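Visitor: Please walk me through a structure, one feature at a time. How should I read each one?

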Amino acid sequence: MNAVEKTQKLKAKALSLGFELSGATRSVPSPQYPQFLEWLSKGYAGEMGYLERRKEERGDPQKVLAGAKSIFCVALSYNPSPEHYPLLEKNPISCYAWGQDYHKVLGEKLQILGDYLKFELEPGAQVKAYVDTGPILEKNYAAAAGLGWVGKNTLLLNKKFGSFLFLGELITDTELAFDEPADNLCKSCTACMDACPVNALEEAGVLNANKCISYLTLEHRSDLPQNTDLHGYLAGCDLCQTACPYNTNAPQGQETSFQPRQEILLLSSTTTAQMSPVEFKEFTQNSALERIKYPMWHRNLKSLEFK
């Protein structure tokens, strides 16, 4: 079986698993790596020290998997259904965390996809799978694999599916047929930058995490800077995505695991403020909100008025 046939079968398998997008690119250092290093040097990563600790691996996939030849990238939409879209304007939880933990949902699908590659398409192949946690510049490789382009809000955008996308990768020593990158269609649009109330997008494609509401609510472990305004959010932020024209007509995600849990639909100022540590653990269990610890939750509550 040649590289083209393997890639076609791998894409078909990815589609059968629910991935809306998939593509392959070369396992070589990303051309965007120097910009990543510059971004780190400016302190724009805030307290995300893990980015600094594994920066060398992010510069070269060979340091993640010796002998790697290809990176197979996938994307799974979590775009809310029309009936739930109004929640984007009033719910204090970013929609990425409304349903089950995407790490687990994508992780299970990628495990199946990786096993298909190394047991059926090329027995003995080496494969490493990552969902948002590996030392890889995943948005850049997804763009190189033709899944879309990196927009001015630093997120991957696709002409049809917008930006509400979870990404995953298989790094492998299998030779695949490589896709062509998509054109960047942002052009002169600055809707995402204009929508950010804290001006976290210092310039097109450059995010200063120290200002970003998503970072402050989810990743920043210490006290929030004085007079921080979270603009109604307790966990994450969707403002730069809801403003994007490519999300206006994007189809809803078909993965039912990402539909809002009942606890999200019933969330109120009373329930958020009165959650005990046990109740908070139950509320965040098996969701991406497990990233937030109880003290952070109450810290965030103090910085907003949720009605």
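**A loop residue, then outward**

Guide: Start with S94, which sits in the loop between α5 (87-90) and α6. Keep in mind that this is a predicted model.

Visitor: Is S94 buried or exposed?

Guide: Look at relative accessibility; under 20% is buried. S94 is at 4%, so the residue counts as buried.

Visitor: Which residues does S94 touch, beyond those up to four places away in sequence?

Guide: Setting sequence neighbours aside leaves the contacts made by the fold. For S94 these are A235, G236, C237 and D238.

Visitor: Let us move to a strand. Where is V74?

Guide: V74 lies in strand β2, which covers residues 70-77. V74 counts as buried because its relative accessibility is 0%.

Visitor: What does V74 touch, not counting residues up to four places away in sequence?

Guide: Read the list by position along the chain. V74 touches A14, F19, L21 and S22. Its contacts also include L110 and L113, then L147, F166, L167 and G168. Distance is another way to read the site. V74 and A24 are 50 residues apart in sequence, yet 8.9 Å apart in space, C-alpha to C-alpha.

Visitor: Now a helix. Which helix holds G114?

Guide: G114 is in helix α6, residues 102-121. Its relative accessibility is 5%, so G114 counts as buried. Leaving aside neighbours within four places in sequence, G114 contacts V127 and L170. G114 and A129 lie 15 residues apart in sequence, with 7.2 Å between their C-alpha atoms.

Visitor: At what angle do α1 and α6 cross?

Guide: For a helix pair, take the angle, then the hand, then the residues. The axes of α1 (residues 3-16) and α6 come within 10 Å and cross at roughly 145°. The crossing is right-handed. From α1, the contact uses K6, K9, L10, K13 and A14. From α6, I112, L113, Y116, L117 and L121 take part.

Visitor: How does that contact divide by class?

Guide: Seven residues are nonpolar, none is polar and three are charged. L113 of α6 serves in this contact and also touches V74. A14 of α1 does likewise: A14 is part of the helix contact and touches V74.

Visitor: How many cavities of 30 Å³ or more are there?

Guide: A search of the whole structure finds two. For each, read volume, lining and class. The largest cavity has a volume of about 70 Å³. Its lining includes S77, Y78, N79, P80, S81, H84 and W98. G253, E255, F258, Q259 and P260 also line this cavity. By class, the lining has five nonpolar, six polar and one charged residues.

Visitor: What lines the second largest cavity?

Guide: E57, R58, D60, P61 and V64 are among the lining residues. P135, I136, L137, Y141 and I171 are there too. The volume of this cavity is about 30 Å³. Its lining divides into seven nonpolar, no polar and three charged residues.

Visitor: And pockets? Which element gives the most to the lining of the second largest pocket?

Guide: Take volume before lining. The second largest pocket has a volume of about 340 Å³. It is lined by 21 residues, and T25, N140, A143, A144 and P181 are the closest to its centre. Elements giving two or more residues are β1 (21-26), α7 (138-144) and β4 (149-150). α7 gives the most, with four residues. By class, the lining has 12 nonpolar, six polar and three charged residues.

Terms used
Residues numbered from 1 in each chain as written. Predicted model: local features only at pLDDT ≥ 70, side-chain atom pairs only at ≥ 80, totals over all residues. Heavy atoms only, no water. Buried < 20%, exposed > 50% of the residue type's maximum accessible area, 1.4 Å probe, protein only. Contact = heavy atoms within 4.5 Å. Axes fitted to C-alpha atoms, helices over the stretch in contact; angles between N-to-C directions. Left-handed = near helix turned anticlockwise from the far one by under 90°. Nonpolar A, V, L, I, M, F, W, Y, C, P; charged D, E, K, R; others polar. 1 Å grid on protein atoms, 1.4 Å probe; cavity = no way out; pocket = protein on both sides within 12 Å on 5 of 7 lines; lining within 4 Å. Points joined across faces, edges and corners; volume = space filled by probe spheres on them.
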